[in-house]
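Here are a few notes to read alongside the model, written with a colleague's eye. I have put them as numbered points so you can take them one at a time.

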2 protein chains.
Amino acid sequence: MSHPHPDLGPPPPLPAGALRIVALGGLGEIGRNMAVFEYGGRLLVVDCGVLFPEPDQPGIDLILPDFDYIRDRLDDIEAVILTHAHEDHIGAVPYLLRERPDITVVGSRLTLALIESKLTEHRIQPVKHEVVEGERHSFGPFECEFFAVNHSIPDALAVALRTEAGIVLHTGDFKMDQLPMDGRLTDLGGFARLGAEGVDLLMSDSTNSEVPGFVTSEREIAPVIDDVFRRAEQRIIVACFASHVHRVQQVLDAADKHGRKVALMGRSMVRNMGVARDLGYLKVPPGLMLDAKEIEQWPPKDVVLICTGSQGEPMAALSRMANRDHPIRITEDDTVLLASSLVPGNETAVNKVINGLTRWGARVIHKGNARVHVSGHAAAGELLYVLNLTRPSNFMPVHGEWRHLRAHARLAALTGVPDDHIVIAEDGVVVDLLDGRARIVGAVKAGYVYVDGTSVGGVTDVALKDRRILGDEGFISIVIVVDSTTGKLTGGPEVHARGSGIDLDAFEAVIPQLEHALEEAALDGVADVQQMRRVVRRTVGRWVSDTYRRRPMIIPVVVEV
Amino acid sequence: MSHPHPDLGPPPPLPAGALRIVALGGLGEIGRNMAVFEYGGRLLVVDCGVLFPEPDQPGIDLILPDFDYIRDRLDDIEAVILTHAHEDHIGAVPYLLRERPDITVVGSRLTLALIESKLTEHRIQPVKHEVVEGERHSFGPFECEFFAVNHSIPDALAVALRTEAGIVLHTGDFKMDQLPMDGRLTDLGGFARLGAEGVDLLMSDSTNSEVPGFVTSEREIAPVIDDVFRRAEQRIIVACFASHVHRVQQVLDAADKHGRKVALMGRSMVRNMGVARDLGYLKVPPGLMLDAKEIEQWPPKDVVLICTGSQGEPMAALSRMANRDHPIRITEDDTVLLASSLVPGNETAVNKVINGLTRWGARVIHKGNARVHVSGHAAAGELLYVLNLTRPSNFMPVHGEWRHLRAHARLAALTGVPDDHIVIAEDGVVVDLLDGRARIVGAVKAGYVYVDGTSVGGVTDVALKDRRILGDEGFISIVIVVDSTTGKLTGGPEVHARGSGIDLDAFEAVIPQLEHALEEAALDGVADVQQMRRVVRRTVGRWVSDTYRRRPMIIPVVVEV
């Protein structure tokens, strides 16, 4: 299998007749999916999502793909195709459209409605191009055919790109529920037809490639939810993803059956379900819904609250309920249902929420003790079907961390894709499809772009490293004032420390050392501000390290007056 | 079920004939297990462990129980009984013995040997009292009977305490492997005999109370390890807990069978296995072991490396191999076996290690894709046996977070323990056993004591809060120098910022505002240093918040010259 060499150089110019593929996200990580296709000087983008930060990226709101690779070529972009409306596929669209607002945004009806409502918040009015499964649309040199796929949001699509270089099938995210709630199956017939025609490159969702077997049907969850409703004597609180229309539908159906009213809580939940309802994807029995503000006026036994916060997000209603920092006070009579997966990285946060709710007496039902969630991604057994039906000449696993990409590559090899036709690429690796072969030809920059508050890219990896040091060790700042003409110390040293856990009184011990060291430096006759800073940093750093075996950030400040 | 009221007051004096139980750790958390028993004015401590920090406790090395409750009564302690030698049961012993070095330390042969070798590093020579299962020993008014229990470390014990208040059975950590590697079963017969005699209070390990069914025998892992060895063509690296003698034994046996030499890596691994070997708990075939330094001289196909780092600890060899920051360079031929559980809170770190190793091509075998680990704690099905055999009058779940304590309490209720005889307590809650009833009577302080470098307790929750703010947002410090006689600004404002992601040049914008605000404050005629600080903090804080929607820590420094 071909995989990236650590010192890949910049790619050569794209040969005539070749299709170039560069993922700016989604390869080597779960999130910020974005693939850039290039043919004949024109670009087509598939998905443009965000990645959510990990604990070693403190304070960060979102992580975007780095648009640098396409920044000078924004005008060459024919369209951005969105396979579905999850944040890891659409979340970065507002940031891309800030750079060129009139890029055509292509997607299914629900996908476009959801991205449009999101863009409204960013005050952007997108140029939309709606497509339906089974249709073919051309965007410049790219002839695109769309296929229905089943996923944990309605109206998801796979896309096949036809150019002179061959046929590429990009599955997007998908699963293969054979009894889907909305009857919309992943179009394996279409995949088979494409396979018969000849798929030159398959790019397929690797998220669950390590999970053996098959994913249970979404339908199997309904009896579990029904059982929860049957047993619950008082209030029911359901937390799930704000875009999981089918899961919300199941809760609405159960509420209707058991004579309970439903209120939605959480901005994204209210917004998305409003869109889904308006377009008919969510069927709401008349008189079922309450406004969240009304819920306290109803007896607990007659209501269901559906909210966000299933990933332990600290500001979401659910976390605040767990901390007793919310008007809804959890009691021993409450039933809380976490009807969602546990996204890797959120384990600790979700555990805290479960413990908090349990502490106040709530009965918490979650993935760990009942089948209240099924994954939205095809497992290994199902991925084999797609490989066998499409019989691709070349295979490139997408949407996954290294462990998932490798596992998917092994599945492809088992179905007969030759090892040297399997390309494992990570973000930024340039893959050319030419003469029926996909090959790694170079790499471009594809680092993280951090969104923090209103700043995009302002927080760099250097700032994050500082944050990690500050977060682990705190800082000590030492201010001295020197006379700029004589170079003599006229004020300070004044010590400030936060997060270091070192008592300020303890610094008394280092002050004489410091004064002595500064004097000595001055005696050399070369005492300048730079050198004074060095002396302060060295003296205080050594003292802290010797005394406390710690390494807080040392900030020497020399003010000249 | 009785459970702690948020505003429990201090407990009343202990009535004559009553036994008092206060857990200073282990209730509401997995770790720092420590229970203090009091009878007739004397104290007995069972276990004294550490808790490992979570991501929201940055920079912390260890968390200890707060000894405040017993600090004035150290001389009343008859003994510290250690049920087994895991860190969460013995890790805080050095810190307790610092306060009174001659407390008798009670435990089995291996437990005492391991704590002794640990205490040697702290230059403490403990007063040891070795016990064997089946024996009875009295420590002051506490008559203790010890029972063999099976766990993921050899020679673990449960303990029954007899006083006039009744019989309390404390299980320690245990599982119920019916085919244990060393033939040492959890003594259910002994538990049954005690049950017939009348157990007044059962305190039982809740770690796996949410897990239905039964834990697979440790013996089932051997064929999996054998299979890994059979398939591995080149180097094998095994990571596991440094105290898991049986797991290491299985790896040694497999290495011996497949003609490989073994090297141990990691200080605690080398230390513990040395002790276990000396005492005959680890059986090492002659000529099998290599020194870790020799390993590079042998062909990869002939060696096995056993190391620590299975929890993704960043400084351990395994993490460094995953980051290519270790002399052992991972290649496509390597097989890495993570033969351990995934301790909650470490998911992200372990995932990073697996992805890192996979990136370099290693085949990584872990709990998620093969049965290479079984839990050390009895699951719900097994906990029911203990409840049914001991038929306790009162039940108090121990060793668990809230979710585990509640789940265990439910199991007890199902076996017939009356709801009002089940006591769910958290750390610091005081439980008295009197006249055959266990009741919550108050609470004492039982907060976290943080170890950071050489400091114990120096880092407080306030410092941690500062670290979280600094870690999320960084800081901005603004230094101004004022003439102490005139009150006039003579230097600065000089701005320093780290981790804020705000370009220093951007501060140009706020400097005039700041100067203006300081002037205005001075015009009031009340400008003092405190007020200047307030003005700086408010002005800069508002500017950052309006411009960047962020809240870095603002540190105003006013130096008077």
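1. Let me start with what the record says. In the unreviewed UniProt entry, the "binding site" annotation takes in A242(A), S243(A) and H244(A), along with H373(A), V374(A), S375(A), G376(A) and H377(A). Please keep in mind that the model is predicted, and that such annotations may be inferred rather than shown by experiment.

2. Two of these annotated positions are worth a look, beginning with H244(A). You will find H244(A) in the loop that runs between β13 (236–239) and α7 (245–257) of chain A. Is H244(A) buried or exposed? Its relative accessible area is 3%, so H244(A) counts as buried. Setting aside residues up to four places away in sequence, H244(A) touches S152(A), E218(A) and M273(A).

3. Next comes G376(A), which sits in the loop between β18 (363–365) and α11 (380–390) of chain A. G376(A) is buried because its relative accessible area, 6%, falls under the 20% cut-off. Beyond its neighbours within four places in sequence, G376(A) is in contact with H151(A), S152(A), F174(A) and K175(A). S152(A) therefore turns up in both lists: it is touched by H244(A) and is in contact with G376(A).

4. Now to the interface of the two chains. How many residues of chain A are in contact with chain B? There are 63, and they meet 63 residues of chain B. The two chains bury about 5,400 Å² between them, with 51% of that area on carbon and sulfur atoms. On the side of chain A, the residues that lose the most area to chain B are R359(A), R403(A) and R498(A), together 11% of what that side buries.

5. For the polar side of the interface, the count between chain A and chain B is 10 salt bridges. One salt bridge joins the side chains of R550(B) and D452(A), at 3.5 Å from N to O. Across the same interface, 34 residue pairs are in polar contact, with both residues at pLDDT 80 or more.

6. Which elements of chain A give two or more residues to the side that touches chain B? They are the helices and strands α10 (347–359), α12 (402–414), α13 (461–473), β24 (475–482), β25 (489–498), α15 (529–548) and β26 (553–560). The largest share, 8 residues, comes from α10(A). Sorted by class, this side of chain A has 20 nonpolar, 23 polar and 20 charged residues.

Terms used: Residues numbered from 1 in each chain as written. Chains lettered and ligands numbered in written order. Predicted model: local features only at pLDDT ≥ 70, side-chain atom pairs only at ≥ 80, totals over all residues. Heavy atoms only, no water. Contact = heavy atoms within 4.5 Å. Buried area = accessible area lost by both parts, 1.4 Å probe. Salt bridge = Lys/Arg side-chain N within 4 Å of Asp/Glu carboxyl O. Polar contact = N/O pair within 3.5 Å; in protein donor to acceptor, adjacent residues only side chain to side chain. Helix = DSSP H or I, 4+ residues; strand = E, 2+ residues; numbered from the N terminus. Nonpolar A, V, L, I, M, F, W, Y, C, P; charged D, E, K, R; others polar. Buried < 20%, exposed > 50% of the residue type's maximum accessible area, 1.4 Å probe, protein only.
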